[in-house]
Structures are given as C-alpha cells and as structure tokens.
Amino acid sequence: ETQTARGRCALLPTPWVSSRVCRHEQYVQHSFVTMNQPIDPEAEKLKQRGNDLYAKGKFSAAIEAYTEARLQAPKWEVPLVNRALCHRKRSDWKAVEDDCLCALEIDSELPKAHYMLGLARLEESAYPEAVKSLTKALELARDRGTTMLDEIWRELARAKFAMWRQCDAVKRSGREKLLASAKDMARANAARQVQEAQARHCSEAEIEAIKLELDRVVSSLEETFREAASNDVPGEIPDWCVCKLTMEPFRDPVVTPAGFTYERSALFEHFSKLGHFDPVMRTKVDPNLCVSNLSLRSATQAYLDSHGWAWGECASQVLAQ
C-alpha cells in the first residue's frame, strides 16, 4: 500500500548520540514530509539508498541517489534537503543554497532548509541574508519544539556577531572621518577668530581665551563621539540577562514558582540529572509550573541587538571550533 507523505519521517539509519554534529544530522535527516500526494515508491527507494550511502560517508554517491529521487518525485522536498546536507559535508555552499531554495519553493516552512540556507549564506559572508534565514529557522524550530534550538541560536549569534563586526568597521571609519572633519572646522574657526582678534589689536589674554575655547570644543567633540560609540565598545554583559547555570545570555528563559529564572534547556537538564528542585532555592519544583519569561527574553534580545559585540558571547562555542 502506498503511504502518503504527510506525517512520515525520512530517517537515516544513524545511531542517536549526544554530540552536536550527530544531533545536527538527526535534525536535518529526520524530516517530516508535508505533501498531499503519495510518494512515488521508486523515489522512496532511491531516497533510502541515498540515506544508506550517506551513513557510510559516501556523499557523492548519496548525492546521485537523491538526485534520482528528485527526478522521480519533483514535488518531494526530502531528497533536496538530504542532498543539501551532503553538499554541506563537502563544503559546497553554493549547492547547499540552491537545494535549500528549491526545497523552500515546495514548502516555505521547513526549519531545516532555512537553517542550512542560513549556514550557506553565512559561509558566503552574506550576513544580513544569513541572519534572516537563521531567524526564520529559529522561529519555526521554537514553534515545533525541535532539538536543534541551541545549534540554530548559536549559528544565528555567529551571523549577528559577524554582521556587527562588519558594520562596526564601517561605522568606526565613518565616525573617525566625521570627528576629524569637525575638529578641522573648529580649528579653522578658531584660527579665523585669532586673526580677527590680532587685527583688532586684542590683548594676549583675549587671544588665549580663543585658544582655550578651541580646546574645550575639541574635548567636547571627542566626548560626544565616545558616547555615540559606547554601545559598540566590548564590555561585560549585565548579570540580569545572564543565566546562573550556563553563565551565557538568555535565549529561552523560564521562571520557576520560586521566582528564579534559568535557561530552559539548562534547567530541564538539571531536573533530569539531579531531580525536580530549584537550583538556587533547593525547593521542590513541578516542571509543569515553569513558564516562559517572555519579557526577559525580549529584553535580552534588545540588549544584544543594541550591543552587537555581545553576540560573540552567545556564539563563543561555535567560534571556538
């Protein structure tokens, strides 16, 4: 009996392990098909052959199998997404981008396709586009409760940090030029005033006062420009937006009945390993009573966006690889 594509999972025969790389592969490979028409049985066989080849590390052969499956079922996105993963293994980012775009034409709500599209654009240094794709992937992953939230968040942080560095270099250069121009104008104005004062045979004290005023104006300009750039100067992230368990900025904070807020994944890992009690208060906690702290999540997001250097803290594990 031919099964419909809706609700079926395309699984790779790889073991579930705890490493980040394997969790990423599971996330991409365990795709839910959203077509309304039946899958071509031959396409299903070709896709499964591609899965088997992928599991053996034979990425070129897997690409051929997924390509054949694609030809058999042009409206089935799973071979495209799986083929994109193969291209990623070979660092062929243009091919990854092409396959993800094709998959999104079939189903625009595929978190894994948006995620890998964001990775491809990040590798191509197309940072605004990468941020857009990864943000969409994060939104969809949150809605569907996938296991890749941490990976998506860190890659999004890496993209935002890279975009901040690129923009910061441009802004810093622009500020330096503008400050230099403002100083030149102030000095030219002071020189004109000195000449006029000398022409009027003003006293040395009056001429000295003009020079002192110039020094005051220059100092004021420098202070103004320092304040304007203060958000772009790396510093310490405020304690209120850092989880006590992870020591990293919040991305999905939850508050316990005791009133303490923690990163969701860290708190529930604590529950799983150590028991259902508050990490700080040590009082018993019903996990079902922990609720999202949306206001803190929004405030943390706003702080990170206005202090772009802080995204580097969120992306630290990715950047260290």
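## A walk from helix α6 to the sheet

Let's begin inside helix α6, whose buried residues are P111, K112, A113, H114, Y115, M116, L117, G118, L119, A120, R121 and L122. Please keep in mind throughout that this is a predicted model. With 12 of its 13 residues buried, α6 is mostly covered. The helix runs over residues 111-123, and from its first C-alpha to its last it reaches 18 Å, close to the 18 Å expected at 1.5 Å a residue. Just beyond the end of α6, S125 takes a positive phi of about 65°.

H114 is a good residue to pause on within this helix. Its relative accessible area is 11%, and because buried means under 20%, H114 counts as buried. What surrounds H114, once its neighbours within four places in sequence are left aside? The contacts are L104, S108, S133, L134, K136, A137 and L140. One of these, L134, sits 20 residues away from H114 along the chain, yet the two C-alpha atoms are separated by 6.3 Å.

Now step back to see the whole protein. It holds 13 helices and five strands, and 44% of its 321 residues count as buried. Among contacts with a separation of 6 or more, 59% join residues 24 or more positions apart.

In soluble globular proteins, nonpolar side chains tend to be buried together. Here the largest nonpolar core has 50 residues, and V96, Y115, M116, I152, I237 and W311 have the most contacts inside it. Two of those names, Y115 and M116, are already familiar from the buried residues of α6. The element that gives the most to this core is helix α8, spanning residues 149-199, with eight residues. For a closer look at the core, try I237: apart from its neighbours within four places in sequence, it touches V242, P249, Y303, W309, A310 and E313.

Y303 from that list leads us on to helix α11, where Y303 is buried along with L296, T300 and L304. Seen down the axis of α11, these buried residues fall within an arc of 95°, so they line one face of the helix. They pack against α8, β3, β4 and α12, the last of these covering residues 311-314. As for its dimensions, α11 (residues 294-306) has 13 residues and reaches 18 Å between its first and last C-alpha atoms, close to the 18 Å expected at 1.5 Å a residue.

The strands β3 and β4 that α11 packs against bring us to the sheet. In general, strands of a sheet pair through backbone hydrogen bonds, either parallel or antiparallel. Which arrangement do the three strands of this open sheet adopt? They follow the order β4-β3-β5, with antiparallel pairing. β4 (261-263) and β5 stand at the edges with a single partner strand each, so one side of each is left without a neighbour in the sheet. Helix α10 packs on this sheet and touches β3, β4 and β5, with its direction making about 95° with that of β4. Between β3 and β5 there are two bridges, and V254 stands opposite S292 in β5.

Helix α10 itself deserves a moment. Its buried residues are A266, L267, H270 and F271. Viewed down the helix axis, they occupy an arc of 140°, so they line one face of α10. Those buried residues pack against β3 and β4, whereas the face turned away from the buried side carries the exposed residues S272 and K273. After α10 comes G275, whose phi is positive, near 120°.

To finish, visit two loops with backbone angles worth checking. M247 lies between α9 (204-228) and β3 (253-255), and has a positive phi of about 60° although it is not a glycine. Is M247 buried or exposed? Its relative accessibility is 61%, and since exposed means over 50%, M247 counts as exposed. R282 lies in the loop between α10 (264-274) and β5 (291-292). Its phi, near 65°, is again a positive value in a residue other than glycine, and R282 counts as exposed at 55% relative accessibility.

Terms used: Residues numbered from 1 in each chain as written. Predicted model: local features only at pLDDT ≥ 70, side-chain atom pairs only at ≥ 80, totals over all residues. Heavy atoms only, no water. Helix = DSSP H or I, 4+ residues; strand = E, 2+ residues; numbered from the N terminus. Buried < 20%, exposed > 50% of the residue type's maximum accessible area, 1.4 Å probe, protein only. Core = buried A, V, L, I, M, F, W, Y, C linked by side-chain atoms within 4.5 Å. Contact = heavy atoms within 4.5 Å. Pairing = 2+ DSSP bridges. Axes fitted to C-alpha atoms, helices over the stretch in contact; angles between N-to-C directions. Expected span 1.5 Å × (residues − 1). Arc of directions from axis to C-beta.
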